[in-house]
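This report looks at how aromatic rings and charged side chains pair up within one protein chain. The sequence and the structure follow.

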Amino acid sequence: MRARVCILTVAAVVVPAFAAAQSANPVAEAFRDNAHAMGERLMAAADEMPADKFSFKPTPAQMSFGQIMVHLAQGNDYLCGAIGGVKAPERTKVADTDSKDALVKRLKETFAFCDEALAKVDDSKLGEQLKFFGGHTRSRASVMTLTTGDWADHYSQTAIYLRLNGLLPPTAKKAQAD
């Protein structure tokens, strides 16, 4: 009987404390989860596109697939560094005309940097003002929201490029498997 009382007492103290610890930073945790998931999708889209199609663009006014990869890599370093309050690593420049292997490798490096840079972000500093493009300042929460939207836009863009080349985007492949 005493064992049951001890177990119930410990459970009554530990379970709520554990649950509270898990939800202490719900916004930062949701952002990290989204960053990781979008990174996986964008990297899978880059892997899916054949090397000879990295110069593909639906119209002359649009970015090529390779340009999207370069744009994402540069954006990841800038945005994740700003959100995480860390300096992005110095990297050699890549061009949209570089090989698929080089562009995919760079994209993966920058999403790995995002995972690292965002690891310690917490909800206590969501209102902190960050320097942003053009000398403007925005709250950390605003930059996080903008970043999520940017990744979603570019995933949609890469998914369309894949479909225009007769390929299924990663999320469509997953839906078919389910």
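Rings of Phe, Tyr and Trp, the last taken by its six-membered ring, are treated as a pair if their centres lie within 6.5 Å, and planes under 30 degrees apart count as stacked, those over 60 as edge-to-face and the rest as tilted. By this rule the count comes to eight aromatic pairs in the structure, which is a predicted model.

**Aromatic pairs**

One of these pairs joins Tyr-78 and Phe-132, whose ring centres are 6.2 Å apart and whose planes are at 55°, so that the pair counts as tilted. Tyr-78 belongs to helix 3, whereas Phe-132 sits in the loop between strand 1 (129–131) and strand 2 (137–139), and the pair thus links distant parts of the chain, 54 residues apart. Tyr-78 is partly exposed, with a relative accessible area of 32%, while Phe-132 is buried at 8%.

Tyr-78 also pairs with Phe-133, and here the rings are stacked, with 4.4 Å from centre to centre and 20° between the planes. This pair, too, links distant parts of the chain, Phe-133 lying in the loop between strand 1 and strand 2, 55 residues from Tyr-78 in helix 3. At 45% relative accessibility, Phe-133 counts as partly exposed. Elsewhere, Phe-54, Phe-56, Phe-65 and Tyr-161 come together in one aromatic cluster.

**Salt bridges**

Side chains of opposite charge can pair when their charged atoms come close. A search of the whole structure finds seven salt bridges, and the table gives three pairs from among them.

| Acidic residue | Basic residue | Closest N to O distance |
|---|---|---|
| Asp-77 | Arg-91 | 2.6 Å |
| Glu-90 | Lys-87 | 3.1 Å |
| Glu-109 | Arg-91 | 3.7 Å |

Which parts of the chain are tied together by the salt bridge of Asp-77 and Arg-91? Asp-77 lies in helix 3 (residues 65–84) and Arg-91 in the loop between helix 3 and helix 4 (100–118), so the pair ties together parts that are 14 residues apart in sequence. Asp-77 is buried, at 13% relative accessibility, whereas Arg-91 is partly exposed, with a relative accessible area of 25%.

Are Glu-90 and Lys-87, which pair with each other, buried or exposed? Glu-90 is exposed, with a relative accessible area of 70%, and Lys-87 is likewise exposed, at 67%.

The salt bridge of Glu-109 with Arg-91 again links distant parts of the chain, with Glu-109 in helix 4 and Arg-91 in the loop between helix 3 and helix 4, 18 residues apart. Glu-109 is partly exposed, its relative accessible area being 28%. Through shared partners, salt bridges join Asp-77, Arg-91, Arg-106 and Glu-109 into one network.

**Helix 2**

Helix 2 (residues 26–48) has 23 residues, and the distance from its first C-alpha to its last is 33 Å, close to the 33 Å expected at 1.5 Å a residue. Its buried residues are Ala-28, Phe-31, Ala-35, Met-38, Gly-39, Leu-42, Met-43, Ala-45 and Ala-46.

Terms used. Residues numbered from 1 in each chain as written. Predicted model: local features only at pLDDT ≥ 70, side-chain atom pairs only at ≥ 80, totals over all residues. Heavy atoms only, no water. Salt bridge = Lys/Arg side-chain N within 4 Å of Asp/Glu carboxyl O. Helix = DSSP H or I, 4+ residues; strand = E, 2+ residues; numbered from the N terminus. Buried < 20%, exposed > 50% of the residue type's maximum accessible area, 1.4 Å probe, protein only. Expected span 1.5 Å × (residues − 1).
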